[in-house]
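Here is a short briefing to read with the model open beside you. Take the topics in any order you like.

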Amino acid sequence: MKKTFALTHPKKAVPRVVEAVKHEVKKYLKRERNKALPQGADYWDFDCKFGNTEQEATVIHVKEINKCIDDAEAAAQPSFYLEILAKPAARAKRQLLEDDEF
């Protein structure tokens, strides 16, 4: 998903528009996570970017999306750019120390 979201609407209040944007993002993440994983992958990882425009977008973690949207609303920005790209990933094996007990 590469999209510029407008936070202004002639007939809707800004908080309702923000809720709709968050819902769309949540729905997209759920849809991507439900896709079949390729061989050797354990989960879907996401590369995310957020900014005022596509050129100003910086890398963020997927958990920071809602916070960034709230910050854009608080700053009264008319729009923002959000990019979310799914990629398959494998969990790293945890190394057990000699002192670890089960």
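**Salt bridges and their surroundings**

Lys67 is exposed, with a relative accessible area of 52%. Please keep in mind that this is a predicted model. A search of the whole structure turns up 7 salt bridges, and Lys67 takes part in one of them, with Asp71. The notes below start with such pairs, then turn to a helix, a buried acid and a few other spots.

**The pair within helix α2**

- The side chains of Lys67 and Asp71 meet in a salt bridge, with 3.3 Å from N to O.
- Both residues sit in helix α2, 4 residues apart, which puts about one helical turn between them.
- Asp71 counts as partly exposed, at 42% relative accessibility, whereas its partner Lys67 is exposed.

**Pairs that join separate elements**

- Lys3 and Glu24 form a salt bridge through their side chains, at 2.8 Å from N to O.
- Because Lys3 belongs to strand β1 and Glu24 to helix α1, this pair ties together parts that are 21 residues apart in sequence.
- Lys3 is partly exposed at 32% relative accessibility, and Glu24 is partly exposed too, with a relative accessible area of 29%.
- Asp45 makes a salt bridge with Lys87, and their closest N and O atoms are 3.9 Å apart.
- Asp45 lies in strand β2 and Lys87 in strand β4, so the pair ties together parts that are 42 residues apart in sequence.
- Relative accessible area is 27% for Asp45, making it partly exposed; Lys87 is also partly exposed, at 33% relative accessibility.
- Asp47 joins Asp45 and Lys87 in a network of salt bridges.

**Helix α1 and its two faces**

- Helix α1 covers residues 14-33, which is 20 residues.
- From its first C-alpha to its last, α1 reaches 29 Å, close to the 28 Å expected at 1.5 Å a residue.
- Which residues of α1 are buried? They are Val17, Val18, Val21, Val25, Tyr28, Leu29 and Glu32.
- Viewed down the axis of α1, these buried residues fall within an arc of 115°, so they line one face of the helix.
- The elements covering the buried residues of α1 include β1 (2-6), β2 (43-51), α2 (65-74) and β4.
- Lys26 and Lys30 are exposed residues on the face of α1 turned away from its buried side.

**Glu83, a buried acid**

- Glu83 is found in strand β4, which spans residues 79-89.
- What is the nearest side chain of opposite charge to Glu83, and how far away is it? It is Lys2, at 4.6 Å, and Glu83 is buried yet has no salt bridge.
- A salt bridge here requires a nitrogen-to-oxygen distance within 4 Å.
- Glu83 does share a polar contact with Tyr81, where the two side chains come to 2.7 Å.
- Leaving aside neighbours within four places in sequence, Glu83 is in contact with Met1, Lys2, Asp47, Cys48 and Lys49.

**Met1, at the start of the chain**

- Met1 sits in the segment before β1.
- At 18% relative accessibility, Met1 counts as buried.
- Not counting residues up to four places away in sequence, Met1 touches Glu24, Tyr28, Leu82, Glu83, Ile84 and Leu85.
- The Met1 contacts therefore include Glu83, the buried acid described above, and Glu24, the salt-bridge partner of Lys3.
- Met1 and Lys35 are 34 residues apart in sequence, and their C-alpha atoms are 15 Å apart in space.

**Ser79 and Ala76**

- Ser79 also has its place in strand β4, and at 25% relative accessibility it counts as partly exposed.
- The C-alpha atoms of Ser79 and Ala6 are 4.2 Å apart, although 73 residues separate the two along the chain.
- Apart from residues up to four places away in sequence, Ser79 touches Thr4, Phe5, Ala6, Leu7 and Asn52.
- Ala76 is in the loop between α2 and β4 and counts as exposed, at 63% relative accessibility.
- Ala76 has a positive phi of about 60° although it is not a glycine.
- Most residues other than glycine have a negative phi.

How values were computed
Residues numbered from 1 in each chain as written. Predicted model: local features only at pLDDT ≥ 70, side-chain atom pairs only at ≥ 80, totals over all residues. Heavy atoms only, no water. Helix = DSSP H or I, 4+ residues; strand = E, 2+ residues; numbered from the N terminus. Buried < 20%, exposed > 50% of the residue type's maximum accessible area, 1.4 Å probe, protein only. Lys, Arg positive; Asp, Glu negative; His and termini not counted. Polar contact = N/O pair within 3.5 Å; in protein donor to acceptor, adjacent residues only side chain to side chain. Contact = heavy atoms within 4.5 Å. Expected span 1.5 Å × (residues − 1). Arc of directions from axis to C-beta.
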